[in-house]
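Here's a quick briefing to read alongside the coordinates. Take a look at the fold first, then work through the topics below.

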Amino acid sequence: MEKNLTKSEQEFNKGCEFYQKKQFDKAVQYFLSAAKQGYSIAQFNLGVCYYLGQGVEQNYNEAVKWFDKAAKQENIFAQKNLGICYEEGKGINKNYNEAAAWYLKAAEQGDVFAQYKLGVFYEKGQGVVQNYNEATKWYLKAAEQGNMKAQYKMGVFFEKGQGIDIQDQDLQIYKNEKGDIIINYNAKEIENRSIKAANWYRKAAEQGYAEAQYKLGGYYEMGLGVEQNYIEAAKWYRLAAEQGYAWAQNSIGECYYKGKGVEQNYTEAAKWYRLAAEQGNFAAKRNLGLCYYNGQGVEQNYDEAQYWLKKYEEQKKRIEIMKKFNS
């Protein structure tokens, strides 16, 4: 079988053997030889070696050079990596337009990461004209391939009603006395969106994505898209909290404080409030301050209470100013 391979294929395979043995310097020699013969997979692998500094001194410029050669031969992995280089400005000037163009080429070939990134670009209007419908299109493609970040984004889009098809009979559009356009969704539309959002959040949450776990916990707590269940809410809040997600830490703290889905325990509540507060979560700062004020889960300490409540008020004011600035 080896006799039927071209010289470049043989050298590439030899390079892969050395690469798997972590003999990167020898692998590079064979990748380089095959790459110079125009073998796109070898060009891509050589680019990876330069990007990671394996067998050669790390050199993003050289990595881009070889990614570009392979990408122009429709190598899907090189197209994706070239998109990353343009997005991050590694080995080449940062250029979101070029990044989007290369992500598109890889996405059209089915690369899940490129599909997700293209969704991000369309959502933010980064390198392309902002378009929520296009963002949803690419998020969905990535989500259906199991990308948890894309699954989470699909949940967010259904929650907000962005980039999704909404039937005319499911909403009312009119102008109020000030001339502002008002959109009202009927109860059926909101329920349908909540169910779909919960389903996508669950898919991402089951893969361990903390933000989705937090969202799913909230849906169980409020009974949105799922049957209300405080035990399930606490379960998902805890999973996200244990990953260090501040809002989830505050929420599991509230579960312990109120005895919702778990046995009431002020000590546990204060513990989770503190973890969230120390990360800057303003709601947790207030909750921890009140724990100190009332001596719940911690020894009563008015100085500590004042410290955390003051931090809460200061942050609350900053948030209100930013909201006014952005409105």
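In which helix is Asn 287 found? Asn 287 is found in α15, which covers residues 282-294. Keep in mind that this is a predicted model. With that said, the protein has 16 helices and 2 strands, and the points below go from the overall picture down to single residues.

**Overall picture**

- A compact globule of 327 residues would come out with a radius of gyration near 20 Å, but this protein has 26 Å.
- Taken along the principal axes, the C-alpha atoms fill a box of roughly 80 × 55 × 40 Å.
- Of the 327 residues, 42% are buried.
- Looking at contacts with a separation of 6 or more, 46% of them link residues 24 or more positions apart.
- The accessible surface comes to about 18,200 Å², and carbon and sulfur atoms hold 46% of that.

**Asn 287 and its surroundings**

- Asn 287 counts as buried because its relative accessible area is 11%, and the cut-off for buried is under 20%.
- Its side chain makes a polar contact of 2.9 Å with the side chain of Asn 250.
- Once neighbours within four places in sequence are set aside, Asn 287 touches Asn 250, Glu 254 and Tyr 273.

**Gln 213 in α11**

- Gln 213 sits in helix α11, residues 210-222, and is buried at 4% relative accessibility.
- The side chains of Gln 213 and Gln 243 are joined by a polar contact of 2.9 Å.
- Beyond neighbours within four places in sequence, the contacts of Gln 213 include Ala 205, Gly 208 and Leu 239.
- Trp 236, Tyr 237 and Ala 240 are also among the contacts of Gln 213, and these three residues are among the buried residues of α12.

**Helix α12**

- How far apart are the end C-alpha atoms of α12? They are 16 Å apart, and that agrees with the 16 Å that the 12 residues of this helix (residues 230-241) should span at 1.5 Å a residue.
- The buried residues of α12 are Ala 233, Ala 234, Trp 236, Tyr 237, Ala 240 and Ala 241.
- As a general reminder, an α-helix has 3.6 residues a turn, so residues three or four places apart point the same way.
- At the start of α12, a side-chain oxygen of Asn 229 comes to within 3.0 Å of the backbone nitrogen of Ile 231.

**Helix α5, from one end to the other**

- Leading into this helix, Glu 74 is found in the loop between α4 and α5. Glu 74 isn't a glycine, yet has a positive phi of about 70°.
- At 48% relative accessibility, Glu 74 counts as partly exposed.
- At the start of α5, a side-chain oxygen of Asn 75 reaches to within 3.1 Å of the backbone nitrogen of Phe 77.
- The 13 residues of α5 (residues 76-88) should span 18 Å at 1.5 Å a residue, and the end C-alpha atoms are 19 Å apart, which agrees.
- Is α5 mostly covered or mostly exposed? It's mostly covered, with 11 of its 13 residues buried.
- Among those buried residues are Ile 76, Leu 82, Ile 84, Cys 85 and Tyr 86, and also Lys 80 and Glu 87.
- The buried residues of α5 pack against α3 (40-52), α4 (60-71), α6 (96-108) and α7 (112-124).
- After α5 comes Gly 89, which has a positive phi near 70°.

**Cysteines**

- The disulfide count is 0.
- Why is Cys 16 not bonded to Cys 49? The sulfur of Cys 49 is the closest cysteine sulfur to that of Cys 16, but at 9.6 Å it's too far for a bond.
- Cys 49 is buried, with a relative accessible area of 0%.

**Trp 200 in α10**

- Trp 200 is found in helix α10, residues 187-205, and counts as buried at 14% relative accessibility.
- Leaving out neighbours within four places in sequence, Trp 200 is in contact with Leu 140, Ala 143, Glu 144, Gln 151, Met 154, Gly 155 and Phe 158.
- Trp 200 and Ile 321 are 121 residues apart in sequence, and their C-alpha atoms are 33 Å apart in space.

**Lys 22 in a loop**

- Lys 22 has its place in the loop between α1 (7-20) and α2 (24-36).
- The phi of Lys 22 is near 65°, a positive value in a residue other than glycine.
- Lys 22 is exposed, at 64% relative accessibility.

Notes. Residues are numbered from 1 along each chain as its sequence is written. Side-chain values use heavy atoms; hydrogens and water are left out. Helices (H or I, at least four residues) and strands (E, at least two) are DSSP runs, numbered from the N terminus. The expected span of a helix is 1.5 Å times one less than its number of residues. Buried means under 20% relative accessible area, exposed over 50%, partly exposed in between (1.4 Å probe, protein chains only). Contact means heavy atoms within 4.5 Å. A polar contact is a pair of N or O atoms within 3.5 Å; within protein, one must be able to donate a hydrogen and the other to accept it, and residues adjacent in sequence count only if both atoms are side-chain atoms. A disulfide is a pair of cysteine sulfur atoms within 2.5 Å. The radius of gyration is taken over C-alpha atoms; the globule rule is 2.2 Å times the number of residues to the power 0.38. Accessible areas come from the Shrake-Rupley method with a 1.4 Å probe; for residues, only the protein chains shown count as cover.
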